[in-house]
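Let's take a friendly walk through a protein fold. Have a look at the picture first, and then we will go through its parts together.

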Amino acid sequence: MASSPPPRPHLLARSRASRLADRAIDAIWRNGLHPRPALEPEALWAIGASGCDAADEHSGRRAEDVADFRLRLEHLCRSLRDEARLNALGHTMAYGQITAAIRMRHRLGALWRNNAAIAQTDIAPPIIVVGQMRAGTTRMHRLLAADPAHAGTPFYCGMNPLREQPELRPVKTRIGIALARQINPWIDVQHPFGATMVDEELPWLSYALSPAALEAQYRIPSFVAFSEARDPAPIYREFARVLRSDARQMGNAARPRVLKCPQYAEDLPALLAQFPKARVVVTRRCDEQVLASTMSVVAGQMAYQSDRVDLDGVEAEWRRKLALRKARMEAALAQFQGPVAEVEFDALGADWEREIARVYDALGLPLSEPAMAAMRAEQGRARTSPHHGHRAVYQPAPASA
């Protein structure tokens, strides 16, 4: 676990390391030591697909899924160029994210070309934790995944769903997290990380160019509007292939995978179409508290990517986004016939054991003593997390009378 960082002074605070990195990258470009990388689809594709078999863009995928990725890439690049107002560090991070997605696209295709059956692995129906970001989804997710009868996705598998020999993914992920903490020393306050900790499947969505992570980092309104109006089915077909492949590689296909990502609230019909026998846990929290906490996280991410972040604009956009996700989630739940449990953020904080028992009962799941013991251990770890300091950033304590 990371040590506690110094207090975060305001929503757009940036670390000294990030400011130095931004200036260094800009100087390298201005002095002609390296060209500024182009955020153009063809240029990014050439880098991301370098050394890969061109056929692996198609391996294991429908033609419409291949076309969807290409179209998303085109719209994303245009939005980043025309709207994001990126600084040098943000430009570099966007370049790295997109080329990594293209590379992972090909590496997954190679896996499915060499072992087509792995993407069709039979898996137990998952348990889907759905709700707004900052509404207790992570807490519920990690409690449910602690149950030995269930499985979760370790962060290193989320970052790289392709098993290695020797298995170096946890080591590589720890190095990546350490670098991220240098750039953003408050990252664990916003969301506690660990290479082997159970975490959301956000990277798998990002590798299919879902807006899930991108819109929380960059100002890209046209890409967000394009994505919101578009059927996300291709993203979730890719997601299902990755999940089934990961379950085979990790040897846990027979245990229900506990899935969690705030984007699921927006795309729930597409996710449930892939897993119609899933169980669903809905977390809820006061809308204004959700917005305040979301603003803290999103502004903190955007501050590294652009020197011109408009907090009023960020608030307006995320008020709209959270309302959209809520409306789409409620509409999807109204049509879903499977087991659903609902949990209030404050109730979970007040008595998590009572709430867990109620959730298991609603889902028709047995709650064993080993499960409770594992959850108590998880709660013990969570009590020392730097995340407990996050509320002080966006909701300062009232002045004493």
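## Strands side by side

Keep in mind that this is a predicted model. A good place to begin is where strand 1, covering residues 127-131, runs parallel to strand 2 and is joined to it by three bridges. One pairing to find on screen is V129, whose bridge partner in strand 2 is K260.

Now zoom out to the sheet as a whole. It is an open sheet of four strands with parallel pairing, in the order 2-1-3-4. Strand 2 (258-260) and strand 4 (340-344) are the edge strands, each pairing on one side only. On average, neighbouring strands of this sheet are turned by 20° against each other, direction ignored.

## Helices on the sheet

Which strands does helix 12 lie across? Helix 12 (residues 263-274) crosses strand 1, strand 2 and strand 3 (279-284), and runs at about 150° to strand 1.

Helix 16 (residues 352-363) also packs on the sheet, where it touches strand 1, strand 3 and strand 4. The direction of helix 16 makes about 160° with that of strand 4.

## The nonpolar cores

The largest nonpolar core holds 63 residues. Inside it, L80, I220, F239 and Y264 have the most contacts. Which helix gives the most to this core? Helix 4 (residues 88-114) does, with eight residues.

Let's pick out Y264: leaving aside residues up to four places away in sequence, its contacts include I128, V129 and V130, as well as F239 and L259. Apart from the largest core lies another, of 22 residues, including L143, A341, Y360 and A371.

Methods
Residues are numbered from 1 along each chain as its sequence is written. This is a predicted model: local features need pLDDT of at least 70, side-chain atom pairs count only at pLDDT 80 or more; totals for chains, interfaces and linings use all residues. Side-chain values use heavy atoms; hydrogens and water are left out. Two strands pair if DSSP finds at least two bridges between them. Helices (H or I, at least four residues) and strands (E, at least two) are DSSP runs, numbered from the N terminus. Axes are lines fitted to C-alpha atoms, for helices over the stretch in contact, and angles run from 0 to 180 degrees between N-to-C directions. Contact means heavy atoms within 4.5 Å. A nonpolar core is a set of buried Ala, Val, Leu, Ile, Met, Phe, Trp, Tyr and Cys residues joined through side-chain atoms within 4.5 Å. Buried means under 20% relative accessible area, exposed over 50%, partly exposed in between (1.4 Å probe, protein chains only).
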